[in-house]
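Biologist: Could you walk me through this protein slowly, as you would for someone in their first year?

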Amino acid sequence: ARSRSMWGVGMRGVLALAIARGVRGISFVLTVLPSQVRGCYRGKYPYPPPSDWAGWIAVGIKPASRGGCNDLIVSGHATVTSVLACVASSVGDNS
């Protein structure tokens, strides 16, 4: 077997991550599941919603570390973990 360079493995990992993020973006639009928590939106977002565009922008740029109210089919954590596992197994075979 031919020895792979770390640069090549790293670039393949970055490419795989970029493609996976694109697929995740598309799946986000297509497969957003409703929240299991009752009243999630009213607890995390302003109610009633802002009526002007400046209010919407203010809500959008406010840091939100509590997460959203929806569940996604393709998890970001699972995507990154899978890519890192592929890179690690590729480097592990590099003997």
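Modeller: What follows goes from the overall make-up to the helices and then to single residues. The model is a predicted one, in which local features need pLDDT of at least 70 and side-chain atom pairs count only at pLDDT 80 or more, while totals for chains, interfaces and linings use all residues. Residues are numbered from 1 along each chain as its sequence is written, and side-chain values use heavy atoms, with hydrogens and water left out.

Biologist: How many helices and strands are there in the protein?

Modeller: The protein has 4 helices and 0 strands, and from the N terminus on the order of elements is α-α-α-α. Helices (H or I, at least four residues) and strands (E, at least two) are DSSP runs, numbered from the N terminus.

Biologist: What share of the residues counts as buried?

Modeller: Of the 95 residues, 14% count as buried, where buried means under 20% relative accessible area, exposed means over 50%, and partly exposed lies in between, with a 1.4 Å probe and protein chains only. The accessible surface of the protein comes to about 7,700 Å², and 66% of that belongs to carbon and sulfur atoms; such areas come from the Shrake-Rupley method with a 1.4 Å probe, and for residues only the protein chains shown count as cover.

Biologist: And which residues make the nonpolar surface patch?

Modeller: Ile26, Phe28, Val29 and Leu30 make a nonpolar patch of about 460 Å². Patches are made of residues with over 30% relative accessible area and no salt bridge (a side-chain nitrogen of Lys or Arg within 4 Å of a carboxyl oxygen of Asp or Glu), and like charges are joined within 9 Å, nonpolar side chains (Val, Leu, Ile, Met, Phe, Trp, Tyr) within 5 Å. Leu30 lies in helix H1, which covers residues 6–30, and Leu30 counts as exposed because its relative accessible area is 66%.

Biologist: Which residues of H1 are buried, then?

Modeller: They are Val9, Gly13, Ala20 and Ser27, and these buried residues pack against helix H4, residues 76–92.

Biologist: What about H4 itself, which residues are buried there?

Modeller: In H4 the buried residues are Gly76, Thr79, Val83 and Ser90. Seen down the axis of H4, these buried residues fall within an arc of 65 degrees, so they line one face of the helix; the arc is that of the directions from the helix axis to the C-beta atoms. On the other side of H4, His77, Thr81, Leu84 and Gly92 are exposed, and what covers the buried residues of H4 includes H1.

Biologist: How far apart are the end C-alpha atoms of H4?

Modeller: They are 24 Å apart, which agrees with the 24 Å that the 17 residues of H4 should span at 1.5 Å a residue, since the expected span of a helix is 1.5 Å times one less than its number of residues.

Biologist: Let's look at one residue: is Val9 buried or exposed?

Modeller: Val9, which lies in helix H1, is buried because its relative accessible area is 6%. Not counting residues up to four places away in sequence, Val9 touches Arg4, Val87, Ser90 and Val91, where a contact means heavy atoms within 4.5 Å. Val9 and Val87 are 78 residues apart in sequence, yet their C-alpha atoms are 6.6 Å apart in space.

Biologist: And where is Val87 found?

Modeller: Val87 is found in helix H4 and counts as partly exposed because its relative accessibility is 23%. With the same neighbours in sequence left out, residues up to four places away, Val87 touches Val9 and Gly13.

Biologist: Last one, where is Gly60 placed?

Modeller: Gly60 is in helix H3, residues 53–61, and is exposed because its relative accessible area is 58%.
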